[in-house]
Amino acid sequence: MKERLAIIDGLRTPFGKIGGALSGLTADDLAARVVREVLVRTDFPAERIDELIVGNVAQPIEAANVSRVIALKAGLPVTMIASTVHRNCASGMEAITTAANRIAAGEGEVYLAVGTESMSNIPLIYGPKMTRLFGALLKAKTFGQKLGTWMAFRPDYLTPIIGVQVGLTDPICGLNMGQTAEILARDFHVTRSEQDAFALASHLKAAQAQAAGRFTDEIVPLPLAPRYELMATSDEGPRPNQDMAALAKLKPYFDKVTGTVTVGNACPLTDGAAGMLVMSESKAKALGLTPLGYLRDYAYAALEGKRMGLGPVHATEKLMRKSGLTLADFQLIEINEAFAAQVLACERAFASADYAKTHFGRDQALGTIDPAILNVNGGAIAIGHPVGATGARLVITLLKEMRRRGLKLGLASLCVGGGQGAALALETA
Amino acid sequence: MADTIITPQDPADIGSGVIRRNHKPALSLSIDEEHVARVVFDLPDEKVNKFAAAVVGELNELIDLLIKRTDVRILVFSSAKKDVFIAGADIKEITNITIAADALAKARAGQQAFQRWSELPFPTLAVIDGACLGGGLEFAMACTYRLVTDAEKTSLGLPEVSLGIIPGWGGTQRLPRLVGPIQALEMILLSKQVNGPKALKIGLADACVARAFLDVELPALTTRIVTRDHLETLTAGRKPEGTSRIFEKNPFGRMFTWKKARSNLWKKARGMPAPFKALEVVRQTYGGALEAGLTREAEGFAEVAPTPECKCLIDCFFASEALRKADRAPAADGAKPMDVTQVAVLGAGVMGGGIAWLFADKGIPVRVKDIGWDAVAKAFHTAADYNNQLVKIRKLKPQEVGLRMARITGAIDYKGFQHSDLVVEAVVENLEIKKKVLAEVEAQVSETCLIVSNTSSLSITEMATALKHPERFVGMHFFNPVNRMPLIEVISGPQTSPQAVQAVAALARRLGKTAVVVKDCPGFLVNRILLPYMVEAAWMLQEGGDVLAIDAAIRSFGMPMGPFTLTDAVGIDVGTKVANVLAQGYGERMQVAPVLDVIAHDFKLLGAKAKKGFYIEDAKGRKSLNGDITLAVKKVRDQRRIAPRDIQADEILDRCLLIMVNEAARCLEEGIVAKAAFLDLAMVMGTGFPPQKGGPLHYADQLGLKTVIERLTRLHLRFGARFKPAALLVAKSQRGERFFPPNQPIT
């Protein structure tokens with residue numbers, strides 16, 4: 001990157017479980033609250049923002065280009081341009097890096113980069129047979145034609161396609177995300193109990209962070225539609241009382257016979273949004289602002305879809321080549337916890353000379369990750385993974401923790417359904 | 001007039017044939033070479049077109065001229081005013097009607113002119129692009145065809161009953177003929193207005209076009225009418241369809257329609273003579289001959305127009321117009337009133353939440369601060385509740401709720417306050433807390449930010465001492481519930497700047513409310529007059545009066561609810577607290593009836609919010625008398641050795657109403673409010689004082705000030721200082737004056 005991207009400040013909503021407290025709010029409701037509050041906390045005039053860029057995976061059918069809907073719901077000027085970006089689970093990061101690219105290209109100076117997802121509101125859809133029937137009905141003119149068309153109807157036409165389920169299935173390799181995690185568990189010999197132990201740690205770390213109030217300054221409390229009787233002030237997911245015995249009781253979800261991945265050691269489906277105000281480093285300096293941190297460099301990399309969970313390894317390797325940084329340079333690391341098996345597989349791939357040789361033609365392993373600096377405040381297994389929002393949350397959570405610890409360089413990375421990875425090098429000064 | 005017409009025979013003037021008159025005409029006629037006549041209504045020196053008596057005269061002259069013109073193929077009638085077709089008759093002329101004969105003559109004159117118009121030897125077309133109300137719609141219905149536009153301002157209706165009269169120029173006859181009785185009654189009895197597309201749907205209009213395409217659609221329609229091209233499809237929509245047809249086409253259905261309308265009126269317009277009269281006229285004449293119908297209509301009009309109810313309603317109308325103008329008066333220094341684009345509210349209780357809802361509803365982002373998130377949640381809940389009420393009555397689409405809710409943000413600190421143009425303080429009614437909060441918030445906002453307090457009774461003057469810049473501090477008293485109550489009291493303290501008062505009044509209007517500017521005094525205007533009335537009811541209760549009887553007597557006067565039901569609704573704790581504030585401020589005459597304190601403090605009854613006050617509400621929402629009240633009353637009577645006695649309706653009315661009249665006179669005397677008319681309007685809008693009675697001062701006028709003094713003096717002797725006649729009442733009565741002299745319109 002030519003110039004660092006200054007991240008002035010960022011906030012997020014509490015994350016809520018699918019069908020839970022936040023389910024009455026749409027993806028645009030969630031993001032609009034974040035955007036309004038980011039502007040209040042940064043005290044930055046909305047008129048001086050060049051564009052709102054929003055990462056979102058399951059784009060709501062009632063809000064095409066959800067970004068523009070968010071802009072207006074958040075009270076941004078009616079002249080605010082707005083675009084929606086999509087890189088599956090990295091969409092929240094894509095919003096940030098797109099802003100960086102626009103700035104580098106001289107298109108603008110100040111951007112709002114947001115990620116949002118309401119997995120509760122992903123619709124069920126009619127299958128192709130019913131869809132074709134509706135199409136034929138539209139063409140049918142006379143009563144006879146209509147009746148004839150209806151004669152073709154069979155009750156099984158009504159079986160819905162569950163949007164969120166197909167969305168989490170790779171249409172090329174045909175595997176559900178959980179099934180790709182099972183492959184990694186076998187490839188890297190990540191046992192069930194290792195996965196459960198990792199999940200337990202995630203819950204305990206997140207619960208501790210929550211209890212210590214470490215998330216308070218990154219969370220915008222949300223009034224809970226549709227009844228608006230309560231405010232959500234913290235994440236719904238973390239379970240301070242989680243234990244190994246409870247995790248061990250769960251049955252494998254994706255491979256019922258020989259599997260190891262359960263709903264306990266995978267991230268839950270989640271609602272939430274996160275966003276930040278970004279600008280070029282020079283602009284921030286000129287305005288006399290003290291940014292939360294900077295994006296120093298980033299990389300996206302791709303690999304086969306059925307091993308998409310290793311995306312962070314590939315993306316980080318590319319980032320290292322691009323920036324000259326080494327894994328040891330990163331003082332704090334976030335690898336998104338899509339699945340415990342997947343994060344543990346990443347750790348092992350990072351440390352494997354063999355993997356480095358085979359995939360990157362390197363003589364040495366990329367490096368080992370000290371578990372003590374990885375996902376220190378827990379991860380998606382506890383907090384949740386609203387797919388479009390997580391990328392933005394990782395950046396905010398990581399930068400705020402780096403500041404608390406007085407650290408300079410951090411890595412935020414995640415795996416991307418379909419076979420990609422993202423890695424962002426972040427700095428506090 | 002006929003001699004000035006330029007005939008088409010004169011080649012030089014073909015195409016411009018214009019009628020000219022010596023004085024400025026309201027109606028101008030031109031006839032082009034295609035034999036299309038055009039009449040344009042442009043009332044000189046007015047923003048809107050009105051059917052004043054002079055215009056009706058002009059119309060008759062025009063008809064005299066046109067009736068001979070057999071060459072005219074069609075006449076197109078339109079308005080030159082933006083957004084207004086014809087706003088109605090001239091209401092000022094109605095106020096001058098004092099006897100039935102005048103009213104009859106007035107109705108007849110309009111009816112006859114419109115009837116002649118409808119009998120012109122060629123088709124006429126009304127082009128309605130804007131407000132078309134009352135006499136305007138009655139005229140439009142006398143045209144052969146009506147074209148309406150889809151413009152937002154295009155609105156058709158017969159709002160006469162809201163002024164205490166009934167449509168008197170054919171409205172009760174022609175409207176049911178066009179749209180059927182069910183739809184017609186809704187428009188006539190409930191003053192319901194319809195927009196362009198709805199007018200087409202119900203058959204009131206024959207065509208609805210986009211305002212933007214009026215230039216092409218109007219000639220197309222005139223050509224169609226002239227060439228008689230499928231005219232039957234043009235007017236096909238005039239017949240009512242579907243279920244309404246079933247009700248209208250047979251005697252049983254019709255009987256049901258009348259019955260339904262009547263029971264509806266009992267619910268919505270009790271005590272208002274006009275809607276009942278309008279229903280009577282429609283019921284008696286529907287299905288009969290037009291001539292007979294018009295005669296009955298004119299009689300009906302003459303029966304209501306001279307009544308005091310009608311005068312009071314018209315006074316209310318003029319008072320609200322006058323208030324609107326008062327707010328709009330330009331500032332002394334020519335400065336533009338500040339534009340409020342961002343608001344903060346302190347306190348997330350029912351009032352704070354309601355106020356937040358109101359701003360969000362009007363598109364203004366609002367930040368609500370309270371001390372904790374649980375408290376903040378209450379504001380969102382209130383706002384959501386008000387939105388859901390709108391969704392239920394279909395005034396709001398469900399998908400619009402999210403956008404409105406998104407304009408409300410919550411906070412537990414002062415972040416985001418620095419850009420607010422206005423801060424509304426709505427914290428608990430405690431002077432010390434309010435002063436602390438006000439001082440705190442002033443440190444957080446910009447120099448230009450207006451600070452207002454939504455106190456219902458605490459001293460604005462005293463609160464202002466907490467501020468460094470008291471000139472920007474104003475009282476802005478919203479009434480509960482904010483979504484329903486149309487009034488805001490704007491209270492000016494001794495140091496408040498006139499600009500700040502004007503800005504707050506203008507804002508109140510932008511919020512769709514009526515703003516009455518008052519001076520600071522305990523209770524301000526409305527509560528100062530209303531509380532003694534509520535307390536008087538309590539005095540009567542402890543003397544032996546009956547809760548049900550007192551409430552019933554007051555309801556029969558026309559108040560929407562009796563004093564005890566009102567106290568329950570306000571909250572017995574809140575009401576007693578305010579009553580005590582007034583007692584402190586005004587001394588003996590506002591002394592609180594001991595029974596109220598016993599009920600509030602010893603029995604801890606709260607009122608409707610706890611479903612337990614003077615009345616108990618069960619799970620199904622049914623109300624019955626609370627037995628605890630009897631105990632409380634007994635306790636007070638025992639303590640004070642009061643021997644209970646029966647209190648009759650006359651005494652109830654006199655004591656409840658005259659105590660208000662007396663305090664109202666004092667307020668006027670002290671200059672708390674600028675005009676008697678504003679005071680009465682505030683009482684109508686802020687307390688539900690029956691508009692057909694005009695307000696306490698109108699009521700005093702009707703009784704006669706001499707009678708008022710006599711009765712007050714008697715009450716004074718019996719019950720003490722609180723009934724001592726106000727000096728202004730005495731003076732006015734001695735001079736033989738009234739608060740509202742006849743033939744002196746409210747301005």
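**Group meeting: a walk through a two-chain model**

Let me start with a loop: B:Pro481 sits in the stretch between β16 (473-478) and β17 (487-492) of chain B. The reason to stop there is the bond leading into that proline, because going from B:Asn480 to B:Pro481 the peptide is cis, with omega near -5°. Before going on, a caveat for everybody: this is a predicted model, and the values I quote are computed from it.

Chain A has a cis peptide to show as well. The bond from A:Ala225 to A:Pro226 is cis, and omega there is near 0°. A:Pro226 is in a loop too, between β8 (222-223) and β9 (231-232) of chain A.

While we're on backbone geometry, let's do phi. B:His230 has phi near 50°, so a positive value in a residue other than glycine. You'll find B:His230 in the loop between α8 (214-226) and α9 (231-234) of chain B. Is B:His230 buried or exposed? Exposed, because only 12 or fewer neighbours are allowed for that label and B:His230 has 9 other C-beta atoms within 10 Å.

B:Lys604 is another one to click on. Phi is about 50° here, positive although B:Lys604 is not a glycine. B:Lys604 belongs to the loop between α25 and β19 (615-617) of chain B. With 12 other C-beta atoms within 10 Å, B:Lys604 is exposed, given that the label covers 12 or fewer.

Okay, that loop follows α25, which takes us to helix packing in chain B. Helix α24 (residues 572-586) of chain B packs with helix α25 (residues 594-602) of chain B at an angle of about 135°, and their axes are 9 Å apart. That angle is why α24(B) counts as oblique to α25(B); roughly antiparallel would need over 145 degrees. As for handedness, α24(B) and α25(B) make a left-handed crossing. Who meets whom? On the α24(B) side we have B:Ile572, B:Asp573, B:Thr576 and B:Ala579, and facing them in α25(B) are B:Leu596, B:Asp597, B:Ile599 and B:Ala600. In terms of chemistry, that contact splits into five nonpolar residues, one polar and two charged.

Now over to chain A for another pair. Helix α7 (residues 177-187) of chain A and helix α12 (residues 340-351) of chain A pack at about 40°, with axes 8 Å apart. So α7(A) is oblique to α12(A) as well; roughly parallel would need under 35 degrees. The crossing of α7(A) and α12(A) is left-handed. A:Ala181, A:Leu184, A:Ala185 and A:Asp187 come from α7(A), and they meet A:Ala341, A:Gln342 and A:Ala345 of α12(A). That contact is made of five nonpolar residues, one polar and one charged.

Next, the inside. Which residues touch the most other members of the largest nonpolar core? There are 376 residues in that core, and the ones with the most contacts to other members are A:Val114, A:Val278, B:Val490 and B:Val504. The element giving the most to this core is helix α21 (residues 526-543) of chain B, with 12 residues. If you select A:Val114 and leave out residues up to four places away in sequence, its contacts include A:Ala31, A:Val34, A:Val35, A:Leu52, A:Val54 and A:Ile70, and also A:Ala273, A:Gly275 and A:Ala392.

Two glycines, quickly. B:Gly352 is in helix α15 (residues 350-361) of chain B. It counts as buried because it has 29 C-beta neighbours inside 10 Å. Leaving out residues up to four places away in sequence, B:Gly352 touches B:Val345, B:Gly347, B:Val368, B:Ala379 and B:Ala426. Take B:Ala426: that residue is 74 residues away along the chain, yet the two C-alpha atoms are separated by 5.5 Å.

A:Gly20 is in the loop between β2 (16-17) and α1 of chain A. With 19 C-beta neighbours inside 10 Å, A:Gly20 counts as partly exposed, because buried starts at 20. Its C-alpha atom is 8.7 Å from that of A:Thr270, 250 residues apart along the chain.

Last stop, the interface. Here 20 residues of chain A are in contact with 17 residues of chain B. Which element gives the most to the chain A side? Helix α1 (residues 27-42) of chain A, with six residues. The chain A side divides into nine nonpolar residues, three polar and eight charged.

That's my tour, thanks.

Key. Residues numbered from 1 in each chain as written. Chains lettered and ligands numbered in written order. Predicted model: local features only at pLDDT ≥ 70, side-chain atom pairs only at ≥ 80, totals over all residues. Contact = placed C-beta atoms within 7 Å. Helix = DSSP H or I, 4+ residues; strand = E, 2+ residues; numbered from the N terminus. Nonpolar A, V, L, I, M, F, W, Y, C, P; charged D, E, K, R; others polar. Axes fitted to C-alpha atoms, helices over the stretch in contact; angles between N-to-C directions. Parallel < 35°, antiparallel > 145°, perpendicular 65-115°, else oblique. Left-handed = near helix turned anticlockwise from the far one by under 90°. Core = buried A, V, L, I, M, F, W, Y, C linked by C-beta atoms within 7 Å.
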